[in-house]
Amino acid sequence: MITSFTATIRERVQRIETMPAIPAVFLPLLKLLGGSTEEARVDEVVRLISYDGSIAAQCLRMAGSPLFGLVQPPTSIKGAVITLGLRRVETILLTCCLGQAFPAKKWVLDPVVFWRHSLGCAMVCRKFSEKLTNTDREKAYMAGLLHDIGFMVNCLAFSKEFATAMALAFQEEIPLDEAERTTMGFTHCETGQALAEKWKMADDVIEVIAHHHAIERSQKAQPLVALVHLSDLLCRMRGLGYGYYERHKADLISDPAWAILLKDYHDLEGMDLARFTFELDEGVEEIHALVATVFGSAPART
Ligand SMILES: [Fe+2]
Ligand SMILES: [Fe+2]
């Protein structure tokens with residue numbers, strides 16, 4: 001039974017004493033991204049960054065990186081926000097928040113690979129939703145960024161079991177969720193859901209975290225889950241996967257998520273998918289540069 005199984009995982013995650021508390025600025029930040037105008041957000045973001053010295057330092061370091069080619073790097077938080085642009089700063093802020101909650105020292109999954117995939121998926125979700133009428137782009141971005149948060153839980157709380165799953169996925173070149181199910185009996189979707197519930201994230205984001213590999217189980221927010229599912233596949237097809245070669249390459253149009261999305265968004269009918277994936281390449285380069293700057297390294301792309 002799925003319900004009792006999920007309940008067991010939830011109980012295991014709740015019981016883990018090392019489970020991180022929600023970072024102080026995380027929920028205010030999520031709320032901010034979901035509403036306010038851009039002008040109002042700048043001041044609020046500057047205020048949130050100022051709460052935390054290490055995040056502030058990270059933003060200033062980013063703003064001074066060669067990526068932006070400034071002769072005179074900004075010395076204030078507001079200057080950094082203006083230099084980097086609001087969206088970039090919000091992304092850095094969220095990444096730092098989650099990075100603090102999950103120290104990367106013992107990660108089985110390379111944190112650079114993880115963040116490149118998560119940020120890549122967030123970017124694709126936003127660009128995808130720009131092609132559809134009446135979608136909430138920031139919500140799509142957020143859902144993409146957080147969809148695989150269960151991998152962080154696995155690294156922290158189930159590291160041995162997860163290492164076995166990763167080894168199987170690498171060896172057999174199969175999707176990571178399939179390897180998790182085979183070796184652990186559960187996936188990052190269940191552990192991510194348990195954490196998202198504990199952190200009281202929005203219902204539709206929890207839905208994405210829980211069902212992005214099994215859309216048919218999604219009862220609420222199915223179009224958003226389908227959007228993230230397709231964006232996840234696109235990333236894995238375009239060099240922003242989980243750090244290894246996956247044998248099965250998906251065909252987006254024949255994926256059931258495409259049909260689900262098509263029901264609500266007729267814009268998809270005329271969409272030139274080849275052109276869209278080509279447009280993503282520019283964004284992919286930026287993701288590589290951003291993650292390399294934040295983490296100071298750039299491992300092989302897979
Ligand atoms: Fe996933
Ligand atoms: Fe993913």
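What spacing do the donors of the iron ion (ligand 1) follow along the chain? I looked this up before anything else, in what is a predicted model, and I noted the pattern D-x39-H-x23-H-H.

**Entry: iron ion (ligand 1)**

I listed the protein donors of the iron ion (ligand 1) as Asp-148 through OD and His-188, His-212 and His-213, each through NE2, with distances of 2.1 to 2.2 Å. I then checked the geometry and recorded it as irregular, because the angles subtended by the 4 donor atoms run from 87 to 177°, whereas a tetrahedral assignment would need all angles between 85 and 135 degrees. On accessibility, I found His-212 buried at 1% relative accessible area, while the neighbouring entry in my list, His-213, is partly exposed at 22%; the cut-off for buried is under 20%.

**Entry: iron ion (ligand 2)**

Which residues coordinate the iron ion (ligand 2)? I wrote down His-117 (NE2), His-147 (NE2), Asp-148 (OD), Asp-232 (OD) and Tyr-242 (OH), at 2.1 to 2.2 Å, and in sequence these donor residues are spaced H-x29-H-D-x83-D-x9-Y. Asp-232 belongs to helix H14 (residues 222-237), and Tyr-242, 10 residues apart from it, sits in the loop between H14 and helix H15 (256-264). I found both Asp-232 and Tyr-242 buried. Turning to the relation between the metals, I noted that the iron ion (ligand 2) and the iron ion (ligand 1) are 3.6 Å apart and that Asp-148 coordinates both.

**Entry: His-188 and helix H12**

I went back to His-188, whose place is in helix H12 (residues 188-198), and asked whether this residue is buried or exposed. His-188 counts as buried, at 0% relative accessibility. Its side chain makes a polar contact of 3.0 Å with the side chain of Asp-148, so that I now have these two residues linked both by this contact and by their shared role as donors of the iron ion (ligand 1). Leaving aside neighbours within four places in sequence, I listed the contacts of His-188 as Asp-148, Gly-150, Phe-151, Asn-154, Asp-177, Glu-180, His-212 and His-213.

For H12 as a whole, I recorded that the helix is mostly covered, with 9 of its 11 residues buried, and that the buried residues include His-188, Cys-189, Glu-190 and Gln-193. At the start of H12, a side-chain oxygen of Thr-187 reaches to within 3.0 Å of the backbone nitrogen of Cys-189, and just after the helix Lys-200 takes a positive phi of about 55°.

**Entry: nonpolar cores**

Which residues have the most contacts inside the largest nonpolar core? That core has 71 residues, and I noted Phe-128, Ile-149, Phe-162, Met-201 and Leu-261 as the answer. Its largest share, 10 residues, comes from helix H7 (residues 111-130). Apart from it lies another core, of 19 residues, among them Val-45, Ala-80, Leu-86 and Val-89. I followed Leu-261 outward and, leaving aside its neighbours within four places in sequence, found it in contact with Phe-128, Leu-132, Pro-223, Ala-226, Leu-227, Leu-230 and Leu-268.

I also looked at Val-81, which lies in helix H5 (residues 77-84) and counts as buried at 3% relative accessibility. Not counting residues up to four places away in sequence, Val-81 touches Val-42, Val-45, Val-46, Ile-49, Leu-86 and Val-89. From Val-81 to Leu-60, I noted a C-alpha to C-alpha distance of 8.8 Å, with their positions 21 residues apart in sequence. As background, nonpolar side chains in soluble globular proteins tend to be buried together.

**Entry: positive phi in loops**

I checked two loop residues other than glycine for their backbone angles. Glu-173, in the loop between helix H10 (159-172) and helix H11 (176-184), has a phi near 60° and is partly exposed, with a relative accessible area of 27%. Ala-221, in the loop between helix H13 (203-211) and H14, has a phi near 55° and counts as partly exposed at 27% relative accessibility.

**Entry: whole chain**

Last, I looked up the totals. The protein has 16 helices and 0 strands, and 52% of its 302 residues count as buried. Among contacts with a separation of 6 or more, 69% join residues 24 or more positions apart. The protein exposes about 13700 Å², of which carbon and sulfur atoms supply 54%.

Note on methods:
Residues numbered from 1 in each chain as written. Chains lettered and ligands numbered in written order. Predicted model: local features only at pLDDT ≥ 70, side-chain atom pairs only at ≥ 80, totals over all residues. Heavy atoms only, no water. Donors = N, O, S within 2.8 Å, 3.2 Å for Na, K, Ca; no water. Tetrahedral: all angles 85-135°; square planar, octahedral: opposite > 155°, others 65-115°. Buried < 20%, exposed > 50% of the residue type's maximum accessible area, 1.4 Å probe, protein only. Core = buried A, V, L, I, M, F, W, Y, C linked by side-chain atoms within 4.5 Å. Helix = DSSP H or I, 4+ residues; strand = E, 2+ residues; numbered from the N terminus. Contact = heavy atoms within 4.5 Å. Polar contact = N/O pair within 3.5 Å; in protein donor to acceptor, adjacent residues only side chain to side chain. Areas by Shrake-Rupley, 256 points an atom, 1.4 Å probe, with all protein chains shown as cover.
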